[in-house]
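The following exercises concern the structure shown below. Each task is followed by a solution that proceeds step by step.

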Amino acid sequence: MADQDQQSSGAVNPQWEVSHTAFSTANTLRDLIRIASKPNVQPQAILAAENLGYGLVASPTVINEAITALGGNTSVHLESIQGAIGLRSQDLQQVFRQSTPLLQFFLMVTACKPCYNNSELGDLVFHMMAKTEVLRRFPASSSQMTQLIHTFSGHSEMIVPVSHMHELAVAVSAENLDMGLYDRMDPTMLAELMVCVFENFVDEAIVEMTLRCRIHAVWLATLFSWLLPESTHVKVREKTIRGGPGMRLTVEIAVVEMNFWELEVYKSDADVSKYVFKQPQDEIMHLHRLPLNQARSFFDDHYTSSIEEPGKRSIAIQTMGELARSLVIYFIENCRLFRSKDCCADQGKKCLTAPILQVISDSALATYSDAMRAYGWDSAVKTEIAQASKELQERLREHARHAETADSPKTALSSLSDVCSEWVTKVIDSACDASYIVDPAMYLALDAVVTSTVQSTAGTRYFSPMTAMDLEKTDDVVSKLLWRDGLDVQEFRATAFKHLLPGLPESHTQDLAVSYGGYTVAMNVLWKPSTQPRSAIGIRYAPGHIEKDGTQLSRVREANFSSYQSQGKPVATTLFKSGQYTPLTPQTSAVSFETHTAIHGDQLTLKHYMTQATPSQFWTVTHETKSDTSMREKALWTSAIDVLAMATHVDRGNDLTPIQEIEMAKHLHGNGLQMIWCAGIPLLDIEDKTKALLRTSGDEKLRFFAASKGYDKYVHAQRCFAVVVRQNAPLLSCIRIAEESKGAWVVIT
């Protein structure tokens, strides 16, 4: 509870206004019930939010920003999932746009979003309503408030004050304060503090207020200075960061450690009231999320603030950033991803592997050597550690030559940690324990690598301080990445989703799209299937939701199902007939696609099929021969993504002259090459001698799904086989490269 100074003349505690509502007639209430039912929101929650909003205050400027944000429409219907992804301004958003109290509620929630997820915000506003008279008239649960916030969460992200908070964070970091600026406030105390500030702000008898705080101070300063820029002064020591002296509210970021918040209220009659909001003793609460560009400030606060000498502290945080940058380069240029079958699950060498450098997005390819810039560090290496940085690069190159031969993932990680720790100790001159620099650098590097396949980004990226503090998770993934053929591509994708959506409860390898906290992460191929490795494994990240038939969903997940067919009898082919070279002409198959969906709770489950409308024979999983006039087989999104990311791609630059083509054909034919044309991968019949060309030329969607049978969960080939994808290269060049695998192969033409 907040304690009031006993020397003050009395508490300032005006009643929260609950006597008004815009929905006071039967017609308006019926409209509200109809509007709320579509996104599954309780009308009671909207009425409670409106009445809480009556007691909040926001500048007219930010209110106009809220009106614009709530009108945002970026939703795109995707035939691939028979649903939509993005922002859609519907009736509920229009209700908010027309109500000042609801706009003020929306803005207060938006101001909290840099640090709080939707469920935490539901709890916060519930506690605020409990501190006022709102719940007596409009009882609503925290879960109902969370659902309401979820419906406009993506629109909030359009104006969330990330840049505003970053400017404050940089200015405060320059003051070299002790730890505590990014510890999370107890939600009950935070609710009481916010109610008290807003109550006093609207009281005309109040001349000025001063809020002194340390815990979570950067965000608190952001909250009030963004909502009320004309009335809020932010200072640390005697240095003004925002606003100016004499404003109605001063937020003073304390220099000394404070485990409480103190609000002094000055009345026009010179009376002074003081409120103290105490944090529970010995309770440290980590944040679930922070904007990515504040990573430097957060890690400076949590890991290097114990260094008393400002110069050494500055070098320490620079060293952390440089180590993380160097590790990103090391991981991307030296580590690999793999996809294994049963035959090689326990083997050191996997069936399909690919360097991470092959699958990262074009934007990451251009910037990975300067990846820490997005996390708040400067681009240029500081003079103080420039020479040491060159030494680190050389030591990491040396380590890369031996990491794959380590006895275990744990050994590989241990040796890398030793290299990093020795370097850090030398650079910072033992100013702090080396682990305070190495551990967060490992997390930062891992985050940059697993999110490097993001193709397009809109809005703000966040990271999870809570995950960053969990060293066991980081160590587990990094150790796998370092050893032998690296990390399973499925685990890589699932880890990317969890890093992109901090606080996400779970991530499944068959997830194609996930919506959480106002953002949706989805595989790029849902918009346009592509066999290019960077596009196939690419991810889109943007504000918005997944929606089908007016219902907001949390994820799109591919179903497990066992329909399998072997698309017709293969046709043998050869490069020479009667001693004459016969050039191969790429072929294709006429197919159509169909999608079946079902909603289970808040999940859209997906089944996708390829259909060839010709009489044929096909195989079931049990090898029972059946006939069908419309041959339909499953087409797997996730399997296609994994295979294409790991496949060998043959691009332009492999052109052959007529003479070269004939000579190559002679060489291949002389080695006894025998091939077959297939409509799809003959998965049940793959043997060591199988050489299959797929009839997929000229149809990118067919090429994409033709790869999907490569890793069917229910049907495994008895032998490993290489997958080669023709990308505008001569077919014969693709065959030559496929033959280098020295085993079975499939060429997607």
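**Exercise 1. Overall architecture**

The protein contains 26 helices and 34 strands, in a model that is predicted.

Task: Determine what percentage of the residues is buried and how the contacts are distributed along the sequence.

Solution. Step 1: The protein has 749 residues, and 58% of them count as buried. Step 2: Consider the contacts between residues at least 6 apart in sequence; 76% of these join residues at least 24 apart. Step 3: Turning to the surface, the protein exposes about 29,700 Å², and carbon and sulfur atoms supply 49% of that area.

**Exercise 2. The largest pocket**

Task: Describe the volume of the largest pocket and the residues that line it.

Solution. Step 1: The space in the largest pocket amounts to about 540 Å³. Step 2: Its lining consists of 25 residues, and those nearest the centre are Ala-364, Thr-367, Ala-371, Ala-374 and Thr-451. Step 3: By class, eleven lining residues are nonpolar, eleven are polar and three are charged. Step 4: At least two lining residues each come from helix H13 (310–334), helix H15 (362–367) and strand S13 (454–457). S13 gives the largest share, with four residues.

**Exercise 3. A salt bridge between distant parts of the sequence**

Task: Which residue forms a salt bridge with Arg-88, and which parts does the pair tie together?

Solution. Step 1: The partner of Arg-88 is Glu-547, and their closest N and O atoms are 2.8 Å apart. Step 2: Arg-88 is located in the loop between strand S3 (83–86) and helix H4 (91–97), whereas Glu-547 belongs to strand S19 (residues 545–548), so the pair ties together parts 459 residues apart in sequence. Step 3: Arg-88 has a relative accessible area of 34% and is partly exposed; Glu-547, at 9%, is buried.

**Exercise 4. Burial of salt-bridge partners**

Task: For the pairs Lys-235 with Glu-238 and Asp-447 with Arg-461, decide whether each residue is buried or exposed.

Solution. Step 1: Buried means a relative accessible area under 20%, and exposed means over 50%. Step 2: Lys-235 and Glu-238 meet at 3.8 Å, N to O. Lys-235, at 17%, is buried, but Glu-238, at 70%, is exposed. Step 3: Asp-447 and Arg-461 meet at 3.1 Å, N to O. Asp-447 lies in helix H18 (residues 435–450) and Arg-461 in the loop between S13 and strand S14 (462–463), so this pair ties together parts 14 residues apart in sequence. Asp-447 is buried at 0%, and Arg-461 is buried at 14%.

Key
Residues are numbered from 1 along each chain as its sequence is written. This is a predicted model: local features need pLDDT of at least 70, side-chain atom pairs count only at pLDDT 80 or more; totals for chains, interfaces and linings use all residues. Side-chain values use heavy atoms; hydrogens and water are left out. Buried means under 20% relative accessible area, exposed over 50%, partly exposed in between (1.4 Å probe, protein chains only). Contact means heavy atoms within 4.5 Å. Accessible areas come from the Shrake-Rupley method with a 1.4 Å probe; for residues, only the protein chains shown count as cover. On a 1 Å grid over the protein atoms alone, a cavity is a set of points where a 1.4 Å probe fits but cannot get out, and a pocket is an open set with protein on both sides within 12 Å along at least five of seven lines; lining residues have an atom within 4 Å of a point. Grid points are joined across faces, edges and corners, and a volume is the space filled by probe spheres set on the points. Ala, Val, Leu, Ile, Met, Phe, Trp, Tyr, Cys and Pro count as nonpolar, Asp, Glu, Lys and Arg as charged, and the others, Gly among them, as polar. A salt bridge is a side-chain nitrogen of Lys or Arg within 4 Å of a carboxyl oxygen of Asp or Glu.
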